[in-house]
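Hi everyone, thanks for having me. Let's have the structure up on the screen, and then I'll talk you through some parts of it.

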Amino acid sequence: MGLVEIATGKVLSSFSVFLFLTILLLVVARRISTAILLFSAQSAIITAEVLATGFRERLAEAYVVGALVFLIKVVLIPRAFFRLVDRLKTPRDVKASTTPTQSVFIAAAMIYLSYAAVHSYGQSVRVPEDALAAAVALILTGAFLMVSRNKALMQMLGLLVLENGIYLAALTTTYGMPLVIEIGIFFDILIGLLLMGIFTFRIRDTFDHLDVSKLRRLRG
Amino acid sequence: MILLLPLAVTILGAGFVLCFRNPRIATRVALTVGGLEVASLGAVVWRVHAHGALQAGRYLRADGLSSLFLINIAFISALVLVYASGYLRHMGEGRFSSPRWFYALVFLFLFTMISVCLSANLGLLWIMMEGTTLASALLVGFYNTEGAVEAGWKYLMVCTVGIAFALFGTIVLYLAAVKAGMNPAAALDWAALMNAVPQMGFDPNLVKLAFVFIIVGYGTKIGFVPMHSWLPDAHAEAPTPISALLSAVLLNCAMYALIRYDAIISHTTTSAFAHTLLLVFGLLSMIVAGLLILVQRNLKRLMAYSSVEHMGIIAIGLGLGGPLGLFGALLHIFNHSVAKSLLFFSAGNIRQNFGTLRMDGVTGMARTLPQTSTALVVGSLAIVGLPPFSLFVSEFAILSEAFSQAHYVLAVLFLVVLSVVFGGFAYHFIRLLCGEPNGVPANSKLIPSEYTVMGIASVTLLCFGAHIPHMFTIILQEAMAVLR
C-alpha cells in the first residue's frame, strides 16, 4: 500500500475528531480573529476530506471542487474577514452572551445530540456515522454561534460554519453534488458575504456599533 | 431557446440601465426593458400553451405550472415598473441610491425570480432562490435609514439561514434518488424525479426528512409562521414598489419551489405527510397573522401580515389538494398578488402625501385624498375576500374543498380567521378614512402612472371576480395537470 492510500485512509477515518476539536475551540474563542483562524482550519480539514474522497472513489471532479474549497474557504474568505475587521475598526471581542463554560457544555451536548440524530439514518444510507454526526454538529454549532454571539461579524461566521456542515453532509452521503451546482453554490456564498460586508459598514455608519442585539427598533 | 429570452432581457437590461445617469432617461430605458421582459414572458407562456413543456439545454424547462407563475411575474412587474416611474420622480442622484441603481437591482431581482420558475434542476432552483435574497437585500435597505439597514440585515441573515436548510433538504432528496438507483446526473431534474419517484421506491424516511427541511427552508421565504420574522420588517422598510414585488412575486416564487417538491412526492405514500405539514403551517400562519393584524400601527406592516395570512390560505389549498383545493390555491396566488399590489400602491401614495405610514398619524383621508382612498377601499374589500372581487372566488373554492373532505374544524377556523381579519381591516381603515382631516396632503391628485396601475389592478380584481377569462382558466388547468 502506497503512502497516498495510507494518508487517504487516515484522513477519512479521523477527520471528524479534528472537526469536533474546531467546534469546541470555536465556541470558546474570545476574539474574532481566533474564530476566523479556526474557521480557516476547519475548512482545510474539509478540503482534505474532499480530496481523500475523490481519491478513494476515483472522481476527477473532486479535485476541482477541492481546489475551489481551498481557494475560497481557506484563503479568500478568511482574508476578506481580516480586512473587514481592520477596516471596520471595531472592538475585537465576540460579545458572547454565554460564558465559555456554558458554551463548552452546550457544544458537548450538541455533539451528543448529533450522534443520536444520525444513528438511525447512518445504517440506512451506509455512510460512516462519525462523518454524518460531525456534519450535523457543525450545522448546530453554526446556528448556536448565530444566536449567541452579538457581533455582526460573528453571525456571518456562524452562517459559514453552518454552511460547512451542510457541505460536509452532502460530501459524506453523496460524494458531493454535480460540479455546475457546486460552483453555483460557492458563487452564491461569495456574493452573500460581499453583501453582508456592505451591510456591516452600513450598520456601523448608521448605528456607530456592530452589536446586532441592540438593533431592535422594528418590533411586532 | 425562447426560454433564454426573458433571462437575457432582464440581465442585460440591468446592466444597460446602469449606463444612464440622468434619472429621466434611466426611467424611460427601464420602462422599455420592462416592456421587452413582459413581451418575452408572454412569448414563453404562449409557446408552452401551444406546444406543451419546453426545454432548453439541461438546466431550463417551462411547463404549465411555470407558465402560471410567469404570468404573475409579468403582470405584477409591469404594474410595479410603471408605478415606480412616478414614485421615484423626486429621487436624486446618490451613491447606490439613484433611480438607475434602483432599476438595475429590480431587473436583477426579476432575473433571479424568472430563473427560479424556469429551472429544470432543483440545484439551480436553489441557487436562484438564494439569488433572489441577494438581489433584493440591497433594495430592502435602499433608503439607508436606521430601520432600513436593520430590516435589510435581518432579511439577509434570516433568509440565508432558512435557504441553507432548503439546500440540506435538496441534498437529502438527491441522496434518496441516488440510493434508489437514479443516475446522479438526472437525480436533481424535477421532471425525471416526478417520473422516477412512484416507480423506483425511494426510501420514505429520507423523502420525509427532505420535505421537512424543504418546507422549513423555502417556508422561511414564503413567510410561514414561525419563520416569518423578517417579513414585516422588510416589507415595511423597503421602498413601496419593492414591497409590492416582495409580497406579490417573491413570496409566490418561494411557493412555486415548494409546489415543485410537492408535485414530485405527490404520487408516493409520503404525500399524506407532506399535505399534513402544509395544512399545519398554513393554518398556523393564518391564525397568528390574523391576530397580529389587529394590533398593527404601521400601514405597511399591516399589509405584510396580511400577506403571511394569504400565504397560509394558499398552503391550506395545496394541503387539501383535490380539484377545488388546487384550483383555489393557484387562483389565489394570482388574485392575492393583484390585490396586495393595489394596497401597497395606495400605501405608497399615503406615505408620499403625509410623510408617514403610522395609522394614528392620518385621519379623514377620504376627504383629502379621495382617489387614493377609493383604491384603498377597493383593495381592502378585495383582500378580505368580499364578493364581487376575485379573492372571494378562490377562498370559496378552498373552503368548499375543506367541507367536501369533512375537515370541519379546519373550515371553521378558516372562517373565524377571515372574520377576524375583516374586523381588523375595517377597524383600521375606518379610522384612517373617516373623521376630521388632519394635515394637508402634498399633492392630492394622482399622476397618470399611478391611476393607470391602480385602475388596471382594480378592474382585474373585479373581472376575475365576475368571470375568469377563458385563456386564464386553460392555463390554470394546465398548471393543475402538473400537480395531479
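I'll go through a chain contact, a pair of helices and one residue.

This is a predicted model, where local features need pLDDT of at least 70, side-chain atom pairs count only at pLDDT 80 or more, and totals for chains, interfaces and linings use all residues. Residues are numbered from 1 along each chain as its sequence is written, while chains are lettered from A and ligands numbered from 1 in the order in which they are written.

How many residues does each chain bring to the contact? Chain B gives 36 residues and chain A gives 32 residues, where contact asks for C-beta atoms, placed from the backbone, within 7 Å. On the chain B side, helix 5 (122-140) and helix 6 (146-179) each supply at least two residues; helices here are DSSP runs of H or I with at least four residues, numbered from the N terminus. Helix 6 of chain B gives the most, with 19 residues.

Now look at helix 9 (residues 230-237) and helix 12 (residues 299-320) of chain B: their axes, lines fitted to C-alpha atoms over the stretch in contact, come within 8 Å and cross at roughly 135°, on a scale from 0 to 180 degrees between N-to-C directions. Among the residues making this contact are Leu231(B) of helix 9 and Tyr305(B) of helix 12.

Finally, meet Ala148(B), found in helix 6 of chain B. Is Ala148(B) buried or exposed? Ala148(B) counts as buried because it has 23 C-beta neighbours inside 10 Å; buried takes 20 or more, exposed 12 or fewer, and partly exposed lies in between. Leaving aside neighbours within four places in sequence, its contacts include Phe142(B) and Glu237(B).

Key
Contact = placed C-beta atoms within 7 Å.
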